[in-house]
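This report describes the arrangement of two sheets and a helix in one structure. The model shown below is predicted.

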Amino acid sequence: MAETLEFNDIYQEVKGSMNDGRLRLSRQGIIFKNSKTGKVDNIQAGELTEGIWRRVALGHGLKLLTKNGHVYKYDGFRESEFEKLSDFFKTHYRLDLMEKDLCVKGWNWGTVKFGGQLLSFDIGDQPVFEIPLSNVSQCTTGKNEVTLEFHQNDDAEVSLMEVRFYVPPTQEDGVDPVEAFAQNVLSKADVIQATGDAICIFRELQIQILVLLSQPWGYSCFLSYSSYCSRGHRSGL
């Protein structure tokens with residue numbers, strides 16, 4: 001059994017951006033070095049609690065979980081590399097590298113599970129997608145609904161802005177499932193908070209709300225005040 005394994009052209013997803021780099025496994029742990037920034041992830045062997053192998057968009061991927069709840073994901077492996085990785089994990093880390101594919105049924109209902117710093121949306125025993133809770137910038141609630149907003153990555157070509165979860169009511173007395181969901185998110189989220197002193201405060205303002213509705217024959221204008229609402233109409237050109 002080799003003392004080290006090295007892989008080139010491995011990708012790490014960071015807030016929607018796929019960063020390529022080099023992954024090195026040794027008896028002491030796992031090191032990933034970002035080719036663009038030079039940033040290094042160093043995972044000590046004693047911190048590893050779970051290793052998962054699964055098919056992803058870029059070939060096959062490795063998902064690693066640690067004792068402190070952190071999750072690391074590396075994509076770009078070939079299917080033929082599973083056996084040597086599995087043997088390496090078993091020999092040096094005393095872990096079984098489990099095969100667990102993502103669910104691709106396309107259903108939009110399932111079960112949300114919270115584990116460490118990860119939210120997993122599952123159908124049966126298969127995850128559909130996972131959200132690192134440290135990526136969440138805001139969490140708000142409504143009637144039977146929880147909305148998550150996300151930190152943006154300027155290096156990502158496409159960014160996920162928002163996800164909404166419908167949370168059905170429960171029969172348990174004294175348990176608000178929406179609030180319980182939100183608290184699970186907020187306990188791990190990196191929420192943006194306003195700090196410092198306000199520059200200016202406006203009190204007791206009369207607010208006007210202007211709504212323009214486009215119609216085939218013209219435009220309608222609704223003006224809403226604190227005491228009344230009026231409507232105006234202008235013909236089309």
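Helix 2 lies across strand 12, strand 13 and strand 14, and runs at about 170° to strand 12. Helix 2, which spans residues 177-186, also lies across strand 9 and strand 10, at about 35° to strand 9. The two groups of strands are described in turn.

The strands 12, 13 and 14 form an open, three-stranded sheet in the order 12-13-14, with antiparallel pairing. Its edges are strand 12 (136-142) and strand 14 (162-166), each of which pairs on one side only. On average, neighbouring strands of this sheet are turned by 15° against each other, direction ignored. Strand 13, residues 145-150, runs antiparallel to strand 14 and is joined to it by five bridges. Within this pairing, Thr147 stands opposite Arg164 of strand 14.

The strands 9, 10 and 11 likewise form an open sheet of three strands, in the order 9-10-11, and the pairing is antiparallel. Strand 9 (111-115) and strand 11 (126-132) are the edge strands, each pairing on one side only. From one strand to the next, the twist averages 25°. Six bridges join strand 10, residues 118-123, to strand 11, and these two strands run antiparallel. Ile123 has Gln126 of strand 11 as its bridge partner.

The bridge counts for the two antiparallel strand pairs are set out below.

| Strand pair | Residues of the strand named before the hyphen | Bridges |
|---|---|---|
| strand 10 - strand 11 | 118-123 | six bridges |
| strand 13 - strand 14 | 145-150 | five bridges |

How values were computed:
Residues are numbered from 1 along each chain as its sequence is written. This is a predicted model: local features need pLDDT of at least 70, side-chain atom pairs count only at pLDDT 80 or more; totals for chains, interfaces and linings use all residues. Side-chain values use heavy atoms; hydrogens and water are left out. Two strands pair if DSSP finds at least two bridges between them. Helices (H or I, at least four residues) and strands (E, at least two) are DSSP runs, numbered from the N terminus. Axes are lines fitted to C-alpha atoms, for helices over the stretch in contact, and angles run from 0 to 180 degrees between N-to-C directions. Contact means heavy atoms within 4.5 Å.
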